[in-house]
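Q: Hi! Could you walk me through this structure with me asking as we go?

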Amino acid sequence: MKFPGTCIVCNEKIPVNEIGLWAKGLGVKHEKCAQINELQCIVCGGPAGCDQCEFQENCDIPNVSQLCICKKCSEEKDAFDAYQKYVNKKFSLLNT
Amino acid sequence: MWSEKYRPQTISDMVGNEEARAAITEWFVKWKKGTKPLLLVGPPGIGKTTIAYLVAKQFGYDMIGLNASDVRSKSRINEILTPVLANVSVMGTPMIFVDEVDGIHGRGDYGGASALVDILKEPTVPIVLAANNDISDKMKSIKKVVKTIQFKKIPPRLLRVYLENILKKQNAKLSPGSIIKVITKSKGDIRSMINLTQSFVTGFNPQTETTFENINVEDGVNAFFKANSIEEARIVLYSMQIDPREKINAFYSSIITSELNPHTLAKYLEIISESDMLYGRIMKTQNWRLLRYLNDILIKLYQNDDRIRYAQYNLSWPLLNRIRWDGAKIKSLSSIMAKKLHLSSSSFVTLCLPFVLLCIKNKTLELELEETFGDLIEKEIELLK
């Protein structure tokens, strides 16, 4: 970066000399933020399997909350309870 | 309503935006006088307002909820917030929540934005703001003095798990295709998703799978008065996602043109009047949060009354016909007479026509007019009585 900027994905600062991807009219983003990541399954910790998701067409991957649930975990009995359990485990603050 | 029944009771009952939820909780845990206020940014319907209320409840704060229309002018802000910030409040442990803060407009809001920024710079109580976006110029000054937390849309598959959990609790079933449709149509808005699911499950228009967004006024009004229970009527009412003015007008025209006894008609009109006053208040104050009460007023119209059918016009057909055809004849008569009397057509109709009719009736005036006007003049003379 020739000048400092703010990443349009994570909203964090990008300092001078760091690599940033810039597009006219859009802004700049970190190199890592530019990669379209697959969502992560909060229950098993693995990839959520976005390429085979039934909502693939309707899910705007970079702009959704990054923790999802994979097909296998979502088909388990009491999947939502498992989701809540793992959210509370991973973000223990939520039990405050 | 399922959306009320399954409203989250704690922060951990919510779905999605886990990191944002944790960040808000951490902010409250660490909050002390002078801590930068919070700005929650994200699309509508994903729980920004809900989390603010839940967190206030969880941390024992007394929430003072405002929205953009309350913070329009400097004097209004000071009137509401000064007692709270000066700790002279009788509210206990107050917390301020300003919703739709991006709705403050620069020029029209008489110093509201700058007064708010002044308060945000020196917070003595926890302040949480919510906005749908933070990219506008007017948000720049606010963003400088707050900590921003981004809320994102919830992944559809996670919504599916959430929805299936509700269906399980309700002991209800929906085909996988319908579930996908519901989630896709609601575009991440959880409340809409639950309402739509309830309408599908309770059998409202399940075959066509028309969404509540698409239901037209006619079907809506007819289904409302045909509904078998108040719950069903409520779902229909919420399903009519149309302009509120249009909604009130549709109920008004349908009721006024139906054959109802005077007592029932008066009761219905009273309710319509109440809803009209609410709408007037919304337009005057631009406090669109009040819109949520519109359906609660209109639901009072429900009374499984199949005498009421949707009508587009608020006048009966005979009267409308008369206006249409007789109106054209009166116009034609007035243009002829206006020329004779050296007046404008409208002056003739408003000032002279009643006297001309009276003279014809008393046979003190005879006009040489085409025969086609004969019927019209007779009708108008009848009305003179």
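A: Happy to; we can take the contact between the chains, then a helix, then the cores. One thing up front: this is a predicted model.

Q: Great. How many residues does each chain bring to the contact?

A: Chain B supplies 26 residues and chain A supplies 26 residues.

Q: And which elements of chain B supply at least two residues each?

A: On the side of chain B that touches chain A, those are helix H2 (18-30), strand S5 (147-150), helix H7 (156-169) and helix H8 (176-186). H7(B) gives the largest share, with seven residues.

Q: How do the residues on that side divide into nonpolar, polar and charged?

A: For chain B there are 11 nonpolar, eight polar and seven charged residues.

Q: Let's look at H2(B). How far does it reach?

A: H2(B) has 13 residues and spans 18 Å from first C-alpha to last, close to the 18 Å expected at 1.5 Å a residue.

Q: Which of the residues in H2(B) are buried, and what covers them?

A: The buried ones are B:Glu18, B:Ala20, B:Arg21, B:Ile24, B:Thr25 and B:Phe28. Their cover includes strand S6 (67-68) and helix H3 (79-90) from chain A, along with strand S1 (38-41), helix H3 (48-58) and S5 from chain B.

Q: Switching topic: in the largest nonpolar core, which residues touch the most other members?

A: Among its 78 residues, those are A:Ile69, B:Leu40, B:Ile96 and B:Leu129. Leaving out residues up to four places away in sequence, B:Ile96 touches B:Ile64, B:Leu66, B:Leu81, B:Val84, B:Val125 and B:Ile127.

Q: What does the second core include?

A: That separate core has 17 residues, including B:Val221, B:Phe224, B:Met240 and B:Leu298.

Notes: Residues numbered from 1 in each chain as written. Chains lettered and ligands numbered in written order. Predicted model: local features only at pLDDT ≥ 70, side-chain atom pairs only at ≥ 80, totals over all residues. Core = buried A, V, L, I, M, F, W, Y, C linked by C-beta atoms within 7 Å. Buried ≥ 20, exposed ≤ 12 C-beta atoms within 10 Å, placed from the backbone. Contact = placed C-beta atoms within 7 Å. Helix = DSSP H or I, 4+ residues; strand = E, 2+ residues; numbered from the N terminus. Nonpolar A, V, L, I, M, F, W, Y, C, P; charged D, E, K, R; others polar. Expected span 1.5 Å × (residues − 1).
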